[in-house]
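Biologist: I have not looked at this structure before. Could we go through it step by step?

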Amino acid sequence: MATMVLTLDDKAAALGRVALFDGLERASLLPIADAATEVAFGDGDALVIQGQVGTGLFIVVSGAVRIVLSGEDVARLGPGDYLGELAVIDRQPRSASAFAVGDTTCLALASWDFFRRVDADPALAHALLRGLALRIRSLSEHHHH
Amino acid sequence: MADTEALIDELGGLALFADLPRPELAAVAHTFEEEWYADGQRILREGLSGTGFYVVLEGDVAVRITGEERARLHRGAFFGEGAILLGEPPGADVVAAGRVRVVNLAGPVFREFLMRHPDVMYRMLQEQTRRLRSANRWSR
Amino acid sequence: MEPLATAPFPPGDYPLVVVGSGPGALQVSYSLRRLGVDHALITADDRPGGMFLRFPFFQRLLSWTKPYAPAPRGTRAYERYDWNSLLGDEAEHRAIQPELMDGSSEFPARPEMEASLAEFVRRSALPVRYGVRWQATRQDEGGFVLETSAGEYRARHVIFAVGVAEAFTPEFPGREHVAHYVDTRPAESYAGKRLFIIGKQNSGFELASGLLSWASRIVLASPRPAKLSVQTNSLAGIRARYVQPIEDRFMGGGVFILDAAIDAVERLGDRYLVRTRASDGSGNLDVEADEVIAATGFTAPLLDLPALGVATFGPSRLPAQTPWWESASVPGIHFAGTITMGAQGLKKNGVSGTGAVHGARYNARLLAGELAERHFGIPRPRPAIDPKAVVDRLLEEAADGPELWNQKGYLAFAIVVGPDGPHEDGVVPLQAFVDGDGGDGVAMTLEGDAEGAIRPVAYVRRGGAISELTLDPEPLHEFRASGDSRRRLTEALRGVLS
């Protein structure tokens, strides 16, 4: 299994591409990056199982991930893609399962670690609130009955 | 000032303020202003600036975009935060559906309020996430 | 005051009844009478004045009347500089307050305000029935029945201009040992006493200012910190005149200001012990005092109106109102005077309409006009206006309209477009225009921003949708002279006026 050692900067850069953290300043991202850990998966290993309590977010660093919804493959993630972004806040049950394809390395951020950082920085919470409001607004504007 | 104890109790029963100890709830009760609306009165106005933040205490409100009802909100729900956070007028009207009691906070002091009550902000984060999940589902 | 040979308005049936004796009641009654609406005006007081018969205790009013102003006395433009006189149709009914001031201040003393209201009644020969106390209310198919000390008054419409001056003290152990602001005695009687004032709003600071030279020590306490009007750039908060106790506190002169709640007041012989609890959770503090006064605010004396269905809200239990000051839950019950602060308007950026005299007098005059039109068949004049003159007219009202200046973001000058072109709708509540379902038109108001700059704001209604146009401030408020405002307004009204 190949292992990668990501620097704090690498981790912050990866996190910065997650929509939830869009617009956050690098200074706010570093403490979150510090809480994120590299996790290695072998071929077929499960990252998350459909229906389980969501514990956090995964960003694919290398390798690939299959998304399986009720037994059917519905998507494939590669480096830079992520899943469970909202679970880092609300820990809702996973809507699908995810399995590694070949050796895969991910950056994982647990919701409790994430919250510890947000707790220490209310301005960060405010920025996240803003980001969510923006996404809700743009989705509402585009949705038709 | 008239007895705010009843208002403090009421706020304590709402999810948004569920984590607050009583002294903090009292501070919240003193910071917000109670308002009363008759059926059909507009609370939030699409396209107008300077709107505030509202939490529903009693009754129902209808969310309307160009006259068409999109959602109903009930006791404990909040609205108006999007416009304040984004610095843009609201994208929808919110109208009283029957008699409604709300508490209101002016836009200019919203951020300061959240900073002073981070527990409220986290509850809002969770609710916003729920709304985003819901909006994501509808947009497919 | 000479009693009338026969007291007017005996108990009986009237098309409308007004209850009250203060500026709100007098203004609405005067305006109704001028419009030809038959009605009764009754009050429990024995002379006109409302709250000004008693308050404020130690200070002059917070509202100014400038004897020398940029506009001649008695003109509409002068109203901006005279917040205390009522609005008269005839010259001798206007600008009465400055005639009765002794020149030592631009703020009338309480007796001067009381005198000015009495003079308004005298000069306009406004009929008032004194000494009639409203005691109970009921509703039947004929309308409302007011039970009073003189008998029953029946009317389809009642205007309650009863003020917001009923003493309120919250519940806490030992409340019975605490006097309320309304029972404050002459200043000398507090000489040498350690005073504890519960409440840090204007009434609390008014007492503290007035008793600074008498009390040996003053402690002011309430849960929330004092907010100063000079910080909010508005009339909300402690007014500048009352800042002396705050300065005193910084200089260690015997004034102490606590952000604390009152847990209890205990009597210890001829002294009191006030048990307080700090708002920041830092602990308890017991304070000894010789006198404890609750400057804890007021409620509206609505008697049994809530039981009748009148919805109320907030710490002062103000009645919830429509934009035209009718009860939001019981049609036929209307409000005038201070109590109209329960109709908050659009509350843009948290700023509401004012119930103070200078604002409420316009509300009262507008209420009279609206009732006259809606219920008494007396339509408001709506003169046609040349479409080419509309922009000028709007900017003129923005520059000079006293209604807009005294009720910013609350009253607006409206132009409505009929099948034959634009008509002046006159001054209307802005909320009524914005939330109304009228045809195309435009309403101009003034709004202050957080930095204190005053801007004209036009609300344009086109095909049922409202848009906002915020114009730039001008250094001397000469909005008519701004070519840019003129151009932007013209552009915004394209296709609306024709």
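Modeller: This is a predicted model. In chain B, the mean positions of the 17 positive and 21 negative charges are 7 Å apart.

Biologist: How far apart do the centres of the positive and negative side chains of chain A lie?

Modeller: Chain A has 12 positive side chains and 18 negative ones. The centres of these two sets are separated by 4 Å.

Biologist: In what pattern do the elements of chain B follow one another along the sequence?

Modeller: Chain B holds five helices and six strands. Read along the sequence, these give the pattern α-α-β-β-β-β-β-α-β-α-α.

Biologist: And what is the order of elements in chain A, from the N terminus on?

Modeller: Chain A comes to five helices and six strands. From the N terminus on, the elements run α-α-β-β-β-β-β-α-β-α-α.

Biologist: What radius of gyration does chain B have, set against that of a compact globule?

Modeller: The C-alpha atoms of chain B fill a box of roughly 45 × 30 × 25 Å along the principal axes. For 140 residues, a compact globule would have a radius of gyration near 14 Å. The value for chain B agrees with this, at 15 Å.

Biologist: What share of the residues of chain A count as buried?

Modeller: A residue counts as buried when its relative accessible area is under 20%. The accessible surface of chain A is about 7,000 Å², with 52% of it belonging to carbon and sulfur atoms. Of the 145 residues of chain A, the buried share is 47%.

Biologist: Which three residues of chain B supply more of the area it buries against chain A than any other three?

Modeller: The contact takes 27 residues from chain B and 25 residues from chain A. About 2,600 Å² is buried between the two chains, and carbon and sulfur atoms give 70% of that area. Of the area that chain B buries against chain A, 24% comes from three residues: B:Leu86, B:Leu125 and B:Leu132.

Biologist: Is C:Ile333 buried or exposed?

Modeller: C:Ile333 lies in strand S19 of chain C, which covers residues 333-335. Leaving out residues up to four places away in sequence, C:Ile333 touches several others, among them C:Phe144, C:Phe160, C:Leu305 and C:Trp325. Its relative accessible area is 0% and the limit is under 20%, so C:Ile333 is buried.

Biologist: How far apart in space are C:Ile333 and C:Val416?

Modeller: In sequence, C:Ile333 and C:Val416 are 83 residues apart. From C-alpha to C-alpha, the distance between C:Ile333 and C:Val416 is 28 Å.

Technical notes: Residues numbered from 1 in each chain as written. Chains lettered and ligands numbered in written order. Predicted model: local features only at pLDDT ≥ 70, side-chain atom pairs only at ≥ 80, totals over all residues. Heavy atoms only, no water. Helix = DSSP H or I, 4+ residues; strand = E, 2+ residues; numbered from the N terminus. Rg over C-alpha atoms; globule rule 2.2 N^0.38 Å. Lys, Arg positive; Asp, Glu negative; His and termini not counted. Charge placed at Lys NZ, Arg CZ, Asp CG, Glu CD. Contact = heavy atoms within 4.5 Å. Buried area = accessible area lost by both parts, 1.4 Å probe. Buried < 20%, exposed > 50% of the residue type's maximum accessible area, 1.4 Å probe, protein only. Areas by Shrake-Rupley, 256 points an atom, 1.4 Å probe, with all protein chains shown as cover.
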